[in-house]
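Please examine the structure shown below, giving attention to its charged side chains. The paragraphs that follow explain where some of them pair and which parts of the chain they connect.

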Amino acid sequence: MDHADVLIVGTGHAGAQAAIALRQNGHDGTIIMVGREKEPPYERPPLSKEYLAGEKPFERLYIRPPQFWADKDIDLRLGNGVIEIDALGKTVTLSDDTKISYRKLIWATGGDARRLDCNGGNLERIHTIRHRADVDRMIAELDAGARRAVVIGGGYIGLEAAAVLRKLDREVVLLEALPRVLARVAGEELSAFYEQEHRAHGVDLRLEAMVDSLIGEDGKVSGVKLADGEVIPADLVVVGIGIVPSVGPLMMAGAAGANGVDVDEYCRTTLDDIYAIGDCAAHANPFADGAVIRVESVQNANDMATTAAKAIMGDKQPYHAFPWFWSNQYDLKLQTAGLSLGHDQTVLRGDPANRKFSVVYLKEGRIIALDCVNNVKDYAQGRKLVDARISPDPDVLANIEVPLKELL
């Protein structure tokens, strides 16, 4: 049986950064990384943007050059997943039935794309955007002549995919079940702006559109049937309705958790010597007033990885990283600072018609987050306001002539 001083399960941003941070913090023991994909660790966000658009080759997505891992004596076990954990015996069983023992285990598997559970959900040419292989299949179908695309889900993945497909001159219908896009992560001002932008770029965007089933011919999707009976023709379908945390083996081993796996301020699960980081880890976030949440972002993955690595090395520093996000659609760069969960007021800085503005989120008078569209200055200065827990005059906050840094 192989043995790892530290075994990392998952080769995405979180897993890669955990291995890097361990070496940077002086860990000289064995590190094994296990990943279901066959590629060395690579960046996921460009999959729905530059990679799908054909603007960035896959080789430019590597988190580190492939040779880096061997140079740092990090053993990559690719094309393999963990199917069982023996938390008492400190061993894992891989999908090929091999076993690895460990001293410390870092679970960094992220999540799996949520699938449609309606009739026809298993037809060919229905795509999610989570791994390289997902996008490669979509690119092949586009190259083969697919013209009509239906995107299901008005979150960031769905909107980014719709923007790229329009850039590629495809017909795009975007279906969102809720009354507005980005309903779970943004305020009404930002939702209305992106709805208008996508429609202006030729997307047939439909709100409160409920999918009944998917229709196929010869095993391939040919249309999306709505609850009202309308059938929208489709050569391919993109499903962007969130992820399901990939934590099955942890739960079966007895770890606590409901939405993902619960971790403490040092990213430790309730199982001895097992840590969890990234999209799958539910933690009490200080920027959400201590609410236990999962944060799906590269920032969170990287910072939790560093927290876990330092804790393993004896340098225990509670997780207190500032949350930030971004999304590129068309020529729009959205930068988000903080977490808008539970906000009770929004203040608009600037005019969305100018395609440069910010939405500031407040809770009980205190700034908790900002969404900044093509507004790098507000984003950079706004981060400091969130961190400082500032409670400004809303009228002053709305005045774009007043730089945010003057409110400190």
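**Salt bridges across the chain**

With a relative accessible area of 21%, Arg206 is partly exposed. The model in which this residue appears is a predicted one. Glu230 is likewise partly exposed, at 32% relative accessible area. The side chains of these two residues, Arg206 and Glu230, form a salt bridge, with an N to O distance of 2.8 Å. Arg206 belongs to strand β11 (residues 204-207), while Glu230 sits in the loop between β13 (220-226) and β14 (231-233); the pair therefore ties together parts that are 24 residues apart in sequence.

This pair is part of a wider picture, for the whole structure contains 24 salt bridges. Another of them joins Lys90 to Asp273, whose closest N and O atoms are 2.4 Å apart. Because Lys90 is found in the loop between β4 (82-86) and β5 (91-94) and Asp273 in the loop between β17 (261-262) and β18 (274-276), this contact ties together parts that are 183 residues apart in sequence. Lys90 has a relative accessibility of 24% and counts as partly exposed; Asp273, at 23%, is also partly exposed.

Are the partners in the next pair, Arg349 and Asp378, buried or exposed? Both Arg349 and Asp378 are buried. Their side chains meet in a salt bridge at 3.0 Å, N to O. Arg349 lies in strand β23 (residues 345-349) and Asp378 in helix α9 (residues 376-388), so this salt bridge ties together parts that are 29 residues apart in sequence.

Finally, Asp2, Asp75 and Arg77 are joined into one network by salt bridges that share partners.

Note on methods
Residues are numbered from 1 along each chain as its sequence is written. This is a predicted model: local features need pLDDT of at least 70, side-chain atom pairs count only at pLDDT 80 or more; totals for chains, interfaces and linings use all residues. Side-chain values use heavy atoms; hydrogens and water are left out. A salt bridge is a side-chain nitrogen of Lys or Arg within 4 Å of a carboxyl oxygen of Asp or Glu. Helices (H or I, at least four residues) and strands (E, at least two) are DSSP runs, numbered from the N terminus. Buried means under 20% relative accessible area, exposed over 50%, partly exposed in between (1.4 Å probe, protein chains only).
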